[in-house]
Amino acid sequence: MTADPRLAASRAAQVQAEDFRQAVLRQVEALTADNQRLLQSVVRSERRFRTLAKSVWHVQEEERRRLARELHDGIGQTLTALANQLQRILDDARGAGNLGLEHRLEDALELTRNSLRDTRELSRLLRPTLLDDLGLDAALNWLARTLTERTGLSIELHSELDEQRLHPDVETLVFRVTQEALTNVIRHAQARSARIALERRGPVLRLRVEDDGRGLDPQTLAESERAGASGGIRGMRDRAELFGGRVEIQSKPGSGTVVQMTLALDPPDAG
Ligand SMILES: Nc1ncnc2c1ncn2[C@@H]1O[C@H](COP(=O)(O)OP(=O)(O)O)[C@@H](O)[C@H]1O
Ligand SMILES: [Mg+2]
């Protein structure tokens, strides 16, 4: 029996090809395992980053709460006492026939009362106790009323929450995004009216802040966001992302702006 050299060569080639295939498979497996490990470590870092960013945000809110209380209880109380004293002096001065003094006291009293009102408003804007005590509907209602009184912008609030409470962090997030969006309307939009709408569809919460102002060019906004300007809008997006939500801005020059935040709420027992 003579061995066919062509057959032997073809077998050798087959064995070589199989070895090569196995080697490639092993490399692919090793690469897949490496990728998996990298992905897991990215997910872990991302989770750590979110936890860290959330705790920075908590510290900020806590600081605002402390300042708000200090303003209200400290300067607020002092101004209240001052107004009461001025009122008593004014009462004594009345009837003494010194009209000039009466007017000056009345002016001083009015100044004091205005400062007291400004102090209380500033304290609430820093952190409304309403938000902790009564929840979003009450706090947004107060915000709309205060901004309307101060600027003349008509602000309508439509909420489907029916005074239902959400997780405190979510309530704070929605309040802050609304506050920033309305501040932008007042500062930039030249609008006559604005509308806040809060909707809930199952686990999805949606906030819309719309205005009928001059609108903005999305391209310009995207550029200014990339350039690191637009801190307000960037901040809204970053905060929403911390809670797995997202913020979209829809606008055309001349036809108003809509800021929309969409957020999936955790199931109640997940905290
Ligand atoms: N409701 C709005 N109507 C018109 N322009 C707006 C509105 N909101 C934001 N803008 C524009 O987008 C820019 C970025 O807003 P923002 O990030 O909040 O920064 P800032 O308010 O500090 O300028 C504003 O400077 C303004 O030109
Ligand atoms: Mg802004």
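## The β4–β5 hairpin

Strands β4 and β5 make a hairpin with five residues between them, and Gly 254 in the turn has a positive phi of about 90°. Strands here are DSSP runs of E with at least two residues, helices are runs of H or I with at least four residues, and both are numbered from the N terminus. The model is predicted, so local features need pLDDT of at least 70 and side-chain atom pairs count only at pLDDT 80 or more, while totals for chains, interfaces and linings use all residues. Residues are numbered from 1 along each chain as its sequence is written, and chains are lettered from A and ligands numbered from 1 in the order in which they are written.

How many bridges join β4 and β5? There are six, and the two strands pair in the antiparallel sense; a pair of strands is counted if DSSP finds at least two bridges between them. You can follow the register through two partners in β5: Arg 246 is bridged to Thr 262, and Glu 248 is bridged to Gln 260.

Glu 248 belongs to strand β4. Is Glu 248 buried or exposed? It counts as exposed because it has 12 C-beta neighbours inside 10 Å. For this count C-beta atoms are placed from the backbone, and a residue is buried with 20 or more other C-beta atoms within 10 Å of its own, exposed with 12 or fewer, and partly exposed in between. Glu 248 and Val 258 are 10 residues apart along the chain, and their C-alpha atoms are separated by 8.1 Å.

## The whole sheet

The hairpin is part of an open sheet of five strands, in the order β1-β2-β3-β5-β4 and with mixed pairing. Why do β1 and β4 each have one side without a neighbour in the sheet? β1 (154-159) and β4 (246-251) stand at the edges, each with a single partner strand, so one side of each stays free of a neighbour in the sheet. From one strand to the next, the twist averages 10°.

Further in, β2 and strand β3 (residues 204-211) run antiparallel and are joined by eight bridges. Across this pair, Glu 199 stands opposite Arg 206 in β3. β2 and β3 also form a hairpin, with two residues between them, and Gly 202 in its turn has a positive phi of about 60°. On to the next pair: β3 and β5 are antiparallel over eight bridges, and Leu 205 has Leu 263 in β5 as its bridge partner.

## Helices on the sheet

Helix α4 (residues 136-151) packs on the sheet and touches β1 and β2 (193-201). Its direction makes about 170° with that of β1. Helix α7 lies across β4 and β5, running at about 145° to β4.

These angles run from 0 to 180 degrees between N-to-C directions, with axes fitted as lines to C-alpha atoms, for helices over the stretch in contact. Contact means that the C-beta atoms of two residues, placed from the backbone, lie within 7 Å.

## Around ligand 1

Of the 16 residues around ligand 1, those that come nearest are Asn 184, Ala 189, Ser 230, Gly 232 and Ile 233. A residue is near the ligand if its C-beta atom, placed from the backbone, lies within 6 Å of it. Two elements give two or more residues to this shell, α5 (168-189) and α7 (231-242). The largest share, five residues, comes from α5.

By class, the shell has five nonpolar, eight polar and three charged residues. Here Ala, Val, Leu, Ile, Met, Phe, Trp, Tyr, Cys and Pro count as nonpolar, Asp, Glu, Lys and Arg as charged, and the others, Gly among them, as polar.

## Two loop residues with positive phi

Asp 162 sits in the loop between β1 and α5. Although it is not a glycine, Asp 162 has a positive phi of about 55°. It is exposed, with 7 other C-beta atoms within 10 Å.

Gln 190 is in the loop between α5 and β2. Gln 190 is not a glycine either, yet it has a positive phi of about 50°. With 13 other C-beta atoms within 10 Å, Gln 190 is partly exposed.

## Two domains

The domain assignment, which is automatic or from a database, gives domain 1 (7-127) and domain 2 (134-271). Their C-alpha centres lie 16 Å apart. The contact takes six residues from domain 1 and four residues from domain 2.

Which helix gives the most to the side of domain 1 that touches domain 2? That is helix α1 (residues 5-93), with five residues. By class, this side of domain 1 has two nonpolar, no polar and four charged residues.
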